[in-house]
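Could you walk me through this protein as you would for a first-year student? Please begin with the sheet, then turn to the helices and a few single residues.

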Amino acid sequence: MNYGSIISSIESEIDEVLKSVDEQKLNDFVDLLTKPNIKVMGYSAGRMGFGLKAFLMRLNHLGIHAYWFGDNYIPPMNENDIFICCSNSGTTKSVANIMDIFKVKAKGKVVSFVGNDNSKMGLESDITIKFKTCNGGLNSADDSTKINSVQPMTTLTEQAMFILFDAITMMLIDKLNIDIKNTKQFHSNIE
């Protein structure tokens, strides 16, 4: 495979994942994020976690208080708050366990991004955003409904989550009528 065909394959695969997402569910999520005085906490394992961490950072840049589970500066969470989790399989134990703790202790809303909406995370979330996943995941069986990606393991859905979260950020900017020039005040100046 040459570079050009690899890029074309990757772009095509990411497009298929992104187009599989229900736009109404994204709108419901954006509505939830725009409620006043909310806090957001997120957690995901592995490379899916990198995409979610980047999104939480961007939420802070938009003035929405967002935290990563495990950080030592998380304020008390309550029923007005949101927990976001991601999992290709929807069954990743470490993520599902934190979701359960959040639901019991904070009693807030749970939003999951999963490849299987009939999974534990998918079934037990207030908003479940399903995406088409790919074969090769560690916690889920391969099947013909999934994408046979040219990339190793679940690289495809990990990449797509970065783009999906950036699209959600743009939806938030539009809904909140944010002038992105003013978001600089929330960006770190220690770099």
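Here is a friendly tour of the sheet, the helices around it and some residues worth finding.

This is a predicted model, in which local features need pLDDT of at least 70, side-chain atom pairs count only at pLDDT 80 or more, and totals for chains, interfaces and linings use all residues. Residues are numbered from 1 along each chain as its sequence is written, and side-chain values use heavy atoms, with hydrogens and water left out.

**The sheet**

Helices (H or I, at least four residues) and strands (E, at least two) are DSSP runs, numbered from the N terminus. Five strands make up an open sheet with parallel pairing, in the order 2-1-3-4-5. Two strands count as a pair if DSSP finds at least two bridges between them. Strands of a sheet pair through backbone hydrogen bonds, either parallel or antiparallel. Strand 2 (65-68) and strand 5 (127-130) are at the edges with a single partner strand each, so one side of each has no neighbour in the sheet. From one strand to the next, the twist averages 20 degrees.

The table lists three of the pairings, each with a residue pair to look for.

| Strands | Bridges | Example of a residue pair |
|---|---|---|
| Strand 1 and strand 2 | Four, parallel | Gly42 and Trp68 of strand 2 |
| Strand 3 and strand 4 | Six, parallel | Ile84 and Val111 of strand 4 |
| Strand 4 and strand 5 | Four, parallel | Val114 and Lys130 of strand 5 |

Helix 4 (residues 93-105) packs on this sheet and touches strand 1 (39-44), strand 3 (82-87) and strand 4. Contact here means heavy atoms within 4.5 Å. The direction of helix 4 makes about 165 degrees with that of strand 3. Axes are lines fitted to C-alpha atoms, for helices over the stretch in contact, and angles run from 0 to 180 degrees between N-to-C directions.

**Inside the sheet**

How many residues of strand 1 are buried? Six of its six residues are, and the strand is mostly covered. Buried means under 20% relative accessible area, exposed means over 50%, and partly exposed lies in between (1.4 Å probe, protein chains only). In a regular strand the side chains alternate between the two faces of the sheet. In strand 1, Lys39, Met41 and Tyr43 point one way, while Val40, Gly42 and Ser44 point the other way. Strand 4 (residues 109-114) has five of its six residues buried, so the rest of the structure largely encloses it.

Val40, in strand 1, is a good residue to zoom in on. Its relative accessible area is 0%, so Val40 is buried. Leaving aside neighbours within four places in sequence, Val40 has contacts that include Leu33, Leu56, Ile64, Tyr67 and Ile84. Asn139 is 99 residues from Val40 in sequence, and the two are 26 Å apart in space, C-alpha to C-alpha.

**Helices that meet helix 6**

Two packed helices are described by the angle between their axes and the distance between the axes. Helix 1 (residues 3-19) packs against helix 6 at an angle of about 65 degrees, with the axes 9 Å apart. Helix 1 contributes Ile10, Glu13, Ile14, Val17 and Leu18 to this contact, and helix 6 contributes Leu156, Thr157, Gln159, Ala160, Ile163 and Leu164. These residues divide into eight nonpolar, two polar and one charged. Here Ala, Val, Leu, Ile, Met, Phe, Trp, Tyr, Cys and Pro count as nonpolar, Asp, Glu, Lys and Arg as charged, and the others, Gly among them, as polar.

Helix 2 (residues 23-33) also meets helix 6 (residues 155-175): their axes come within 10 Å and cross at roughly 55 degrees. On the side of helix 2, the contact is made by Leu26, Asn27, Phe29, Val30, Asp31 and Leu33; on helix 6 the residues are Leu164, Ile168, Met171, Leu172 and Lys175. This contact divides into eight nonpolar, one polar and two charged residues.

**Two residues with positive phi**

Which loop holds Met153? Met153 lies between strand 5 and helix 6. Met153 is not a glycine, although its phi is positive, at about 45 degrees. With a relative accessible area of 54%, Met153 is exposed.

Asn177 sits in the segment after helix 6. Its phi is near 55 degrees, a positive value in a residue other than glycine. Asn177 has 68% relative accessibility and counts as exposed.
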